[in-house]
Amino acid sequence: MAQIVPVTSESLEAQIRNLLPSQRGFGEDLQASNVIMPIIDLTATAEGANLRQDLQKSLDINVSNQRISAGTTESLTSTPGFYQVTFAATNTNATVAKNVVVKLTDGLSSKDIHYINLAPAAAVNGILPIIYVEAGNTLQVTSGSNTTTDTAFRQIADNSGNLVNPQGFVQQ
């Protein structure tokens, strides 16, 4: 037989007031029931976010590519938003380790945000952490001497956090 009992928890009630501000001061105390009620979470589908996160970050036909020659700095993008960047870096110096530096700049100063360390005569491939480029900033990559870096990058979310799906993907 189903039983309904009152629940007295100030922390739960405070959370309800915070999450549902229109319910402040209205309604009854919280109650619990010993009846099992299945809950189906349709939030992701209702929001239109039914593409898995790893697939949403896929490179597509509109991917941008940039080769950074030895000893140079190249700008990848200044469009605000979130970016997925993959890279392949090669150090042709047989005796000295080299670095590739990923940085953000506002034109006056720059901040190094990631280093790719290359042993002598080594090559490395990888994916950088998601990078956020705010308005007024530029994402740049500097290859050390004797180092070439190839990048492929794509905006995965705009400046407001709205996902940018791969070109041609249609939500079902």
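Is Tyr132 buried, exposed or partly exposed? Tyr132 counts as partly exposed, because its relative accessibility is 35%. The legends below accompany views of a predicted model.

**Figure 1. Overview of the chain, with three helices and 11 strands.** Along the sequence, the elements follow the pattern β-α-β-α-α-β-β-β-β-β-β-β-β-β. The chain has 172 residues, of which 26% count as buried. Its exposed area is about 11,400 Å², and carbon and sulfur atoms supply 54% of this area. Among contacts with a separation of 6 or more, 78% are accounted for by residues 24 or more positions apart.

**Figure 2. The aromatic pair of Phe82 and Tyr132.** One aromatic pair is found in a search of the whole structure. The ring centres of Phe82 and Tyr132 lie 4.7 Å apart and the ring planes stand at 40°, so the pair is classed as tilted. Phe82 belongs to strand β5 (residues 81-91) and Tyr132 to strand β9 (residues 131-133); with their positions 50 residues apart, the pair links distant parts of the chain. Phe82 counts as partly exposed because its relative accessibility is 27%, and Tyr132, at 35%, also counts as partly exposed.

**Figure 3. A nonpolar surface patch made by Ile16, Leu19 and Leu20.** The patch covers about 280 Å². One of its residues, Leu20, is located in the loop between α1 (10-19) and β2 (31-33). The relative accessibility of Leu20 is 42%, so this residue counts as partly exposed.

**Figure 4. The hairpin of β6 and β7.** Strand β6 (residues 98-105) and β7 run antiparallel and are joined by eight bridges. Thr105 stands opposite Ser110 in β7. Four residues lie between the strands of the hairpin, in which Gly107 adopts a positive phi near 100°.

**Figure 5. Ala119 and Ala121 in the loop between β7 and β8.** The loop that holds Ala119 connects β7 (110-118) with β8 (123-127). Ala119 has a relative accessible area of 40% and is therefore partly exposed. Leaving aside residues up to four places away in sequence, Ala119 touches Asn91 and Ala97. The C-alpha atoms of Ala119 and Thr90 are 9.3 Å apart, while the two residues are 29 residues apart in sequence. Ala121 lies in this loop as well. Its relative accessibility is 54%, so Ala121 counts as exposed. Most residues other than glycine have a negative phi. Ala121, although not a glycine, has a positive phi of about 50°.

**Figure 6. Asn146 and Thr147 at the start of strand β11.** Asn146 is placed in the loop between β10 (138-143) and β11. Asn146 is not a glycine, yet has a positive phi of about 65°. With a relative accessibility of 35%, Asn146 counts as partly exposed. Thr147 belongs to strand β11 (residues 147-157). The relative accessible area of Thr147 is 0%, and this residue is therefore buried. When residues up to four places away in sequence are not counted, Thr147 touches Ile68, Ser69, Ala70, Gly71, Thr90, Asn91, Lys98, Val100 and Leu118. Asn91, which is among these contacts of Thr147, is also touched by Ala119.

Note on methods
Residues are numbered from 1 along each chain as its sequence is written. This is a predicted model: local features need pLDDT of at least 70, side-chain atom pairs count only at pLDDT 80 or more; totals for chains, interfaces and linings use all residues. Side-chain values use heavy atoms; hydrogens and water are left out. Patches are made of residues with over 30% relative accessible area and no salt bridge: like charges are joined within 9 Å, nonpolar side chains (Val, Leu, Ile, Met, Phe, Trp, Tyr) within 5 Å. Accessible areas come from the Shrake-Rupley method with a 1.4 Å probe; for residues, only the protein chains shown count as cover. A salt bridge is a side-chain nitrogen of Lys or Arg within 4 Å of a carboxyl oxygen of Asp or Glu. Helices (H or I, at least four residues) and strands (E, at least two) are DSSP runs, numbered from the N terminus. Buried means under 20% relative accessible area, exposed over 50%, partly exposed in between (1.4 Å probe, protein chains only). Rings of Phe, Tyr and Trp (its six-membered ring) pair if their centres lie within 6.5 Å; planes under 30 degrees apart count as stacked, over 60 as edge-to-face and the rest as tilted. Contact means heavy atoms within 4.5 Å. Two strands pair if DSSP finds at least two bridges between them.
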